[in-house]
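Subject: Structure handover and notes

Dear colleague,

Please find the structure below, handed over for your own work. My notes on what was found in it follow directly after.

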Amino acid sequence: MQTFGKAIRTLREEKELPLRKVAALLDIDQSFLSKIERNERKATKEQVIQLAKIYKVNEKELLIQYYSDKVAYDLAEEKTAKEILQVAEQKIDYFRKNKVNNK
């Protein structure tokens, strides 16, 4: 299992792209990208989508990595994390259903 930061670092290294070049393509500071790769800072959804294009990888897969990290970090210390995720899944279904019905 790897974190989002590790995943994008691996992709960058596989593509043999220097940190400074990828940072320039994202229009962010090189040190900020380095911190994202080390899981010290969080990327934005827009940056994740840009990274998928830069690395020519599946956007959905990279977004899953990104969001799963966000959820896992938020719930890591919670004793009821699994139960919270189960209820959240039900709420997502409910919200989607009601959004569709309201149109």
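The buried residues of helix α5 are L62, L63, Y66, D69 and L75. Please keep in mind throughout that this is a predicted model, and that the values below are computed from it.

I begin with α5 itself, which covers residues 59-75 and holds 17 residues; at 1.5 Å a residue the helix should span 24 Å, and since its end C-alpha atoms are 24 Å apart, the expectation and the model agree. At the start of this helix, a side-chain oxygen of N58 comes to within 2.8 Å of the backbone nitrogen of K60. S68 also has its place in α5, but it is partly exposed, because its relative accessible area of 36% lies between the limits of 20% for buried and 50% for exposed. The C-alpha atom of S68 is separated by 17 Å from that of L51, and the two residues are 17 residues apart along the chain.

Helix packing

L51 leads on to helix α4, where it is one of the residues that meet α5: K45, V48, I49, L51 and A52 on the α4 side are in contact with E59, L62, L63, Y66 and Y67 on the α5 side. Among these, L62, L63 and Y66 also belong to the buried residues of α5. The axes of α4 and α5 are 9 Å apart and the two helices pack at an angle of about 140°, which makes them oblique to each other, because an angle has to be over 145 degrees to count as roughly antiparallel. The crossing in which α4 passes α5 is right-handed.

Helix α4 (residues 45-55) also packs with helix α2 (residues 19-26), here at an angle of about 125° and with the axes 10 Å apart, and α2 and α4 are therefore likewise oblique to each other. As α2 passes α4, the crossing is right-handed. On the α2 side the residues involved are V22, L25 and L26, and they meet Q47, Q50, L51, I54 and Y55 in α4; L51 thus appears in this list as well as in the list of α4 residues that meet α5.

The third packing pair is α1 with α3, at an angle of about 120° and with axes 7 Å apart. That angle makes α1 oblique to α3. From α1, the residues F4, G5, K6, I8, R9 and R12 take part, and they meet L33, S34, I36 and E37 in α3.

Individual residues

Which residue of α3 is joined to R12 by a polar contact between side chains? It is E37, and the polar contact is 2.7 Å. R12 is found in helix α1 (residues 4-14) and is buried, since its relative accessible area of 11% is under the 20% limit. When its neighbours within four places in sequence are left aside, the contacts of R12 are with L17, P18, L19, V22, E37 and Y55. Of these, V22 and Y55 are also found in the contact lists of α2 and α4, respectively.

T3 lies in the segment before α1 and is partly exposed, with a relative accessible area of 25%. A polar atom of the T3 side chain lies 3.1 Å from the backbone nitrogen of K6, and K6 is in turn one of the α1 residues that meet α3. Again leaving aside neighbours within four places in sequence, T3 is in contact with N39, Q65, D69 and Y73, and D69 is one of the buried residues of α5. The C-alpha atoms of T3 and K91, which are 88 residues apart along the chain, are separated by 26 Å.

Two residues may be worth a look for their backbone angles. N39, found in the loop between α3 (30-37) and α4, has a phi near 60°, which is a positive value in a residue other than glycine; N39 is partly exposed, at a relative accessible area of 25%. K56 has its place in the loop between α4 and α5, and its phi is near 55°, again positive in a residue other than glycine. Is K56 buried or exposed? At 70% relative accessibility K56 counts as exposed, because this value is over 50%.

With kind regards

Terms used: Residues numbered from 1 in each chain as written. Predicted model: local features only at pLDDT ≥ 70, side-chain atom pairs only at ≥ 80, totals over all residues. Heavy atoms only, no water. Helix = DSSP H or I, 4+ residues; strand = E, 2+ residues; numbered from the N terminus. Expected span 1.5 Å × (residues − 1). Buried < 20%, exposed > 50% of the residue type's maximum accessible area, 1.4 Å probe, protein only. Polar contact = N/O pair within 3.5 Å; in protein donor to acceptor, adjacent residues only side chain to side chain. Axes fitted to C-alpha atoms, helices over the stretch in contact; angles between N-to-C directions. Parallel < 35°, antiparallel > 145°, perpendicular 65-115°, else oblique. Left-handed = near helix turned anticlockwise from the far one by under 90°. Contact = heavy atoms within 4.5 Å.
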